Amino acid sequence: MKNIALITGATSGIGKATAYLLAPKYKLILTGRRKERLDELKKDLSATTDVHTLCFDVSKREESMAAIESLPSEWKEIDVLINNAGNAHGLGPIHEGNLDDWEAMIDINVKGVMYMSRAITPGMVARKRGHVVNIGSVAGIEAYANGNLYNASKFAVDGLSKAMRLDLNPYGIKVTDIKPGLVETEFSMVRFKGDEERASKVYEGMTPLKAQDIAEIIEFVINRPAHVKIADVLVLATDQASATVANRKK
Ligand code: NDP
Ligand code: 8X3
């Protein structure tokens, strides 16, 4: 029988690539706000596995709790929770920050992880099994100029992952924080509010990671033997040495 994996933010980038990669081995609960994309995913992946979609905003407490509550009984026993939904909004100095952008990052990147984890880990605790994979970032261990609230949100994911690992340890539940560097997805288009030129400059002269690279790491991490827990993974493009240093060809 297949285990059940829930992926937040499955409509794009890392979450979408992970859905396709896990489909042969897992039943999938796929979430996101763009319903048409969820419908397309369900149509496409249903030939490979059972798919249940949930359209909601992870930054909204009532919506998030109600979405998990609404799961039919055959979908309730979630084995793997992948807290992937998230984004950066804006890039600028602290004294010029846009409060709406900042609140969005805290609400989605931190509270989203908080709501999903609160809703789903009690079942894991009761069954004494499960795996929570949080998608953090190199930005969660290293600050960069103008990153401020995005950094803060991903530092929070780092702290939360460490704390969750302690709380869930007595129940045999694994917690992994995967921290990618630059991955070419819709991330920069969202950060720069659809400004294609600014978004493409982020990856200029270097070869960034692809969503598939991170999906493969997620798949590896969740398929280790029962006694092996990969706690923390920092993964950078070969051209990247740190959050701020990349080898860019002119
Ligand atoms: P994408 O923009 O391609 O995907 C983001 C996903 O998150 C989408 O499926 C989006 O779905 C979902 N999402 C965003 N906001 C919400 C919300 N409020 N409620 C529900 N779902 C939401 O970016 P990535 O794939 O790159 O990002 C995935 C994760 O990886 C994020 O946590 C990001 O911070 C992290 N990351 C990304 C890096 C990169 O360089 N790309 C590097 C390090 C970490 P929808 O819009 O349909 O709701
Ligand atoms: C995304 C990577 O360096 O753009 O978390 O913040 S970075």
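Modeller: A residue is near a molecule or strand if one of its heavy atoms lies within 4 Å of it. This is a predicted model, in which local features need pLDDT of at least 70 and side-chain atom pairs count only at pLDDT 80 or more, while totals for chains, interfaces and linings use all residues. Residues are numbered from 1 along each chain as its sequence is written, chains are lettered from A and ligands numbered from 1 in the order in which they are written, and side-chain values use heavy atoms, with hydrogens and water left out.

Colleague: Which charged residue is found around ligand 2?
Modeller: Around ligand 2 stand Ser 137, Ala 139, Tyr 144, Tyr 150, Gly 181, Leu 182, Phe 187 and Arg 191. Ala, Val, Leu, Ile, Met, Phe, Trp, Tyr, Cys and Pro count as nonpolar, Asp, Glu, Lys and Arg as charged, and the others, Gly among them, as polar. This shell divides into five nonpolar residues, two polar and one charged, and the charged residue is Arg 191.

Colleague: How much of the accessible area of ligand 2 does the protein cover?
Modeller: Oxygen atoms of ligand 2 make polar contacts (N or O pairs within 3.5 Å), at 2.5 Å from the side chain of Ser 137, at 2.5 Å from that of Tyr 144 and at 2.6 Å from that of Tyr 150. Of the 240 Å² of accessible area (Shrake-Rupley, 1.4 Å probe) that ligand 2 has on its own, the protein covers 90%.

Colleague: And how much of ligand 1 is covered?
Modeller: The shell around ligand 1 holds 29 residues, and the closest include Thr 11, Ser 12 and Arg 33. An oxygen atom of ligand 1 lies 3.1 Å from a polar backbone atom of Gly 9, one lies 3.0 Å from a side-chain N or O atom of Lys 154, and one lies 3.2 Å from a polar backbone atom of Glu 186. Of the 880 Å² of accessible area that ligand 1 has on its own, the protein covers 97%.

Colleague: Which helices each supply at least two residues of the shell around ligand 1?
Modeller: Helices are DSSP runs of H or I with at least four residues, and strands are runs of E with at least two, numbered from the N terminus. By class, this shell has twelve nonpolar, twelve polar and five charged residues. The helices that each supply at least two of its residues are helix 1 (13-22) and helix 5 (148-168).

Colleague: Which backbone oxygen lies 2.7 Å from a polar side-chain atom of Asn 148?
Modeller: Asn 148 is found in helix 5. Leaving aside neighbours within four places in sequence, Asn 148 is in contact (heavy atoms within 4.5 Å) with Gly 92, Pro 93, Ile 94 and Trp 102. The backbone oxygen in question belongs to Gly 92.

Colleague: Which strands form the edges of the open sheet?
Modeller: The sheet has seven strands in the order 3-2-1-4-5-6-9, with parallel pairing, where two strands pair if DSSP finds at least two bridges between them. Five bridges, for instance, join strand 5 (131-135) to strand 6 (174-180), and Val 132 has Val 175 as its bridge partner. The edge strands, each pairing on one side only, are strand 3 (51-55) and strand 9 (232-235).

Notes: A polar contact is a pair of N or O atoms within 3.5 Å; within protein, one must be able to donate a hydrogen and the other to accept it, and residues adjacent in sequence count only if both atoms are side-chain atoms.
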